[in-house]
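Trainee: I would like a close look at one part of this model. Please take the salt bridges and the loops that carry them, then set them against the rest of the fold.

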Amino acid sequence: MMNKYPDVVKVFGDEWLQYRKSDILPQLTWEAQATCDEINRTFFTDNEHAMKLFHQLVPEAGEGVDIRPPIRLDYGLGLKIGKRTFINMDFLIVGGGAVSIGEDCLIGPRCSIYTPNHAVPVRPRLDGWQNNSDVRIGNNVWFGGNVTVCPGVSIGDNCVIGAGAVVVKSIPANSIAVGNPAHVVGEVPADFPNGTLPVQQ
């Protein structure tokens, strides 16, 4: 598909483009969002059908990916989700930049990933110019609820991103980051203190 439609190459290639003047991009987002709507409507009544649609929409979703609707994607193309990652309700990806989510991640409710950069100068923005910056999330990353990830950000392996954080700059591996803008406040420990598990109640 990417070779067939030059605009698709641009949207996933960090090139400037005019989305609203494209012949194919609005159609692709319409189709992706319509598929998301069907997934959301049928997930609890016909889970096999809903997950089949999900894997058709996101062919690079790994084995054991677990989602909870509703889910909203502009494109399934360019999205990679690693094995055993859990995505809670109200997950949203806006824009066409490539998004990579690693294995064993925990994505809390109402988390959003944005990839579009609209032009800042007045005239180009009125003309609809934008480009997209890729987002990369490593393995074993935990997002609390309502985390927002902005264009071009990378988040390293094992990070914990606190609820409500707005991530505007890349976060190194093994970091705990909170706030708006998100900033590192600590390091993720390798284990519980003294290696002991908590006592189950």
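Mentor: What follows goes from the whole chain to the salt bridges, and then to the strands.

This is a predicted model. The protein has 4 helices and 20 strands. Its radius of gyration is 18 Å, close to the 17 Å from the globule rule for 201 residues, so the protein is as compact as a globular protein of that length. Along the principal axes, the C-alpha atoms fill a box of roughly 60 × 45 × 25 Å. Of the 201 residues, 42% count as buried. The exposed surface comes to about 11,100 Å², and carbon and sulfur atoms supply 53% of that area. Take the contacts between residues at least 6 apart in sequence: 31% of them join residues at least 24 apart.

Now the charged pairs. Side chains of opposite charge can pair when their charged atoms come close. A search of the whole structure finds 7 salt bridges. Three of them deserve a walk-through.

Start with D104 and R84. Their side chains meet in a salt bridge, at 2.7 Å from N to O. The pair links distant parts of the chain, 20 residues apart. D104 sits in the loop between strand 8 (99–101) and strand 9 (106–107). R84 sits in the loop between strand 5 (79–81) and strand 6 (86–87). How exposed are the two ends? D104 has a relative accessible area of 32%, so D104 is partly exposed. R84 is at 46%, which also makes R84 partly exposed. The cut-off for exposed is over 50%. This pair does not stand alone: R84, E103 and D104 are linked in a network of salt bridges.

Next, R110 and D90. They form a salt bridge whose closest N and O atoms are 3.1 Å apart. R110 lies in the loop between strand 9 and strand 10 (112–114), and D90 lies in the loop between strand 6 and strand 7 (91–94), so the pair ties together parts that are 20 residues apart in sequence. Here the two ends fall into separate classes. R110 is exposed, with a relative accessible area of 53%. D90 is partly exposed, at 28%.

The third pair is D66 and R68. Their side chains meet at 2.5 Å, N to O, in a salt bridge. D66 is partly exposed at 28% relative accessibility. R68 is partly exposed too, with a relative accessible area of 31%.

R68 leads on to another residue. N88 is placed in the loop between strand 6 and strand 7, the loop that also holds D90. N88 is at 19% relative accessibility, so N88 counts as buried; the limit for that class is under 20%. What does N88 touch, leaving aside neighbours within four places in sequence? The contacts are R68, I107, G108 and P109. R68 is the residue already seen in the salt bridge with D66.

Now the strands, for context. One open sheet has 3 strands in the order 1-12-11, with antiparallel pairing. Strand 1 (17–18) and strand 11 (116–118) are at the edges, each with a single partner strand, so one side of each has no neighbour in the sheet. Strand 1 pairs with strand 12 (residues 129–132) in the antiparallel sense over 2 bridges. L17 stands opposite Q130 in strand 12.

Further along the chain, look at strand 19 (residues 175–178). In a regular strand the side chains alternate between the two faces of the sheet. Strand 19 does this: S175 and A177 point to one face and are buried, while I176 and V178 point to the other and are not. Which strands pair with strand 19? One is strand 17 (residues 160–161), in the parallel sense over 2 bridges. There, V160 has I176 as its bridge partner. Another is strand 20 (residues 183–187), which runs antiparallel to strand 19 and is joined to it by 4 bridges. In that pairing V178 is partnered by H183. Strands 19 and 20 form a hairpin with 4 residues between the strands, and G179 takes a positive phi near 95° there.

Back to the request. Two of the pairs described, D104 with R84 and R110 with D90, each join loops 20 residues apart in sequence.

Note on methods:
Residues numbered from 1 in each chain as written. Predicted model: local features only at pLDDT ≥ 70, side-chain atom pairs only at ≥ 80, totals over all residues. Heavy atoms only, no water. Pairing = 2+ DSSP bridges. Buried < 20%, exposed > 50% of the residue type's maximum accessible area, 1.4 Å probe, protein only. Salt bridge = Lys/Arg side-chain N within 4 Å of Asp/Glu carboxyl O. Contact = heavy atoms within 4.5 Å. Rg over C-alpha atoms; globule rule 2.2 N^0.38 Å. Areas by Shrake-Rupley, 256 points an atom, 1.4 Å probe, with all protein chains shown as cover.
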